[in-house]
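Student: I have a model open and would like to talk through it with you. Could we start with a single side chain and then move on to the sheet?

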Amino acid sequence: MNCSSDRLVGQVKRERLIELLKRKGVECVEHSHLELRPVKQFLEHEDVTEYLKYCLPRESYQASGVHVSDLGCIYQDIEEEVDPGGYISMYGFVVVGSSVGGNVFSLDAHKGGVYWVDHGTFCDDLITYEDRATGEWHDVPFSKENIYKSMVLLNEDLFKFFEDLVEEKLTDYLFSLN
């Protein structure tokens, strides 16, 4: 594929998600570059940019048992350096929602995927996480590689993730991650 066909695919996915949200009673807001200035460091991957610019809700909403953030909540997460968003934002992850237990899901500004992040994983100089495959706990120093190891990839395609989320297909899976 070339750049223009990639852009067209992204636009189709974006419009499909906006229509799905509209049917669920969620109004999306198109944000200007000025409004997105506080999140400009996350506008690297085209899908992340499309989501933040066109698909954020006017007001936060609930889907599949989790809270999906509006732009104001995202700003607050960044400004207050709330755990875990405050620890991972400098590595290119923007928190866009949370569970009732305080865990979050974030977008990867570099790769475009969506990741689940446990709220107790990060502290000032250490990452503590459970390897979900082995059940073993690890204490590792901060690095981008270790951040990836500590998170659960929910979907490489953020638009597919949000479609499944809004269609309430992820409730049981996300609950199991809490």
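Student: Is glutamate 163 buried or exposed, and what is its relative accessible area?

Tutor: Happy to look, keeping in mind that this is a predicted model. Glutamate 163 sits in helix α6, which covers residues 158–166. A residue counts as buried when its relative accessible area is under 20%. Glutamate 163 is therefore buried, at a relative accessible area of 11%.

Student: Which side chain joins that of glutamate 163 in a polar contact of 2.8 Å?

Tutor: Setting aside neighbours within four places in sequence, glutamate 163 is in contact with Lys13, Arg16, Leu17 and Leu20. The polar contact of 2.8 Å runs from the side chain of glutamate 163 to that of arginine 16.

Student: Now the sheet: in what order do the six strands lie?

Tutor: The sheet is open and its pairing is antiparallel. Its edge strands, each pairing on one side only, are β1 (61–63) and β8 (152–155). From one strand to the next, the twist averages 40°. Reading across, the order is β1-β2-β3-β4-β5-β8.

Student: Which residue in β4 is the bridge partner of valine 95?

Tutor: Strand β3 spans residues 93–98 and strand β4 spans residues 104–108, and the two pair in the antiparallel sense over five bridges. In β4, the partner of valine 95 is serine 106.

Student: What angle does the direction of helix α2 make with that of β4?

Tutor: Helix α2 (residues 46–55) packs on the sheet, where it touches β2 (66–68), β3 and β4. Relative to the direction of β4, that of helix α2 makes an angle of about 120°.

Technical notes:
Residues numbered from 1 in each chain as written. Predicted model: local features only at pLDDT ≥ 70, side-chain atom pairs only at ≥ 80, totals over all residues. Heavy atoms only, no water. Helix = DSSP H or I, 4+ residues; strand = E, 2+ residues; numbered from the N terminus. Buried < 20%, exposed > 50% of the residue type's maximum accessible area, 1.4 Å probe, protein only. Polar contact = N/O pair within 3.5 Å; in protein donor to acceptor, adjacent residues only side chain to side chain. Contact = heavy atoms within 4.5 Å. Pairing = 2+ DSSP bridges. Axes fitted to C-alpha atoms, helices over the stretch in contact; angles between N-to-C directions.
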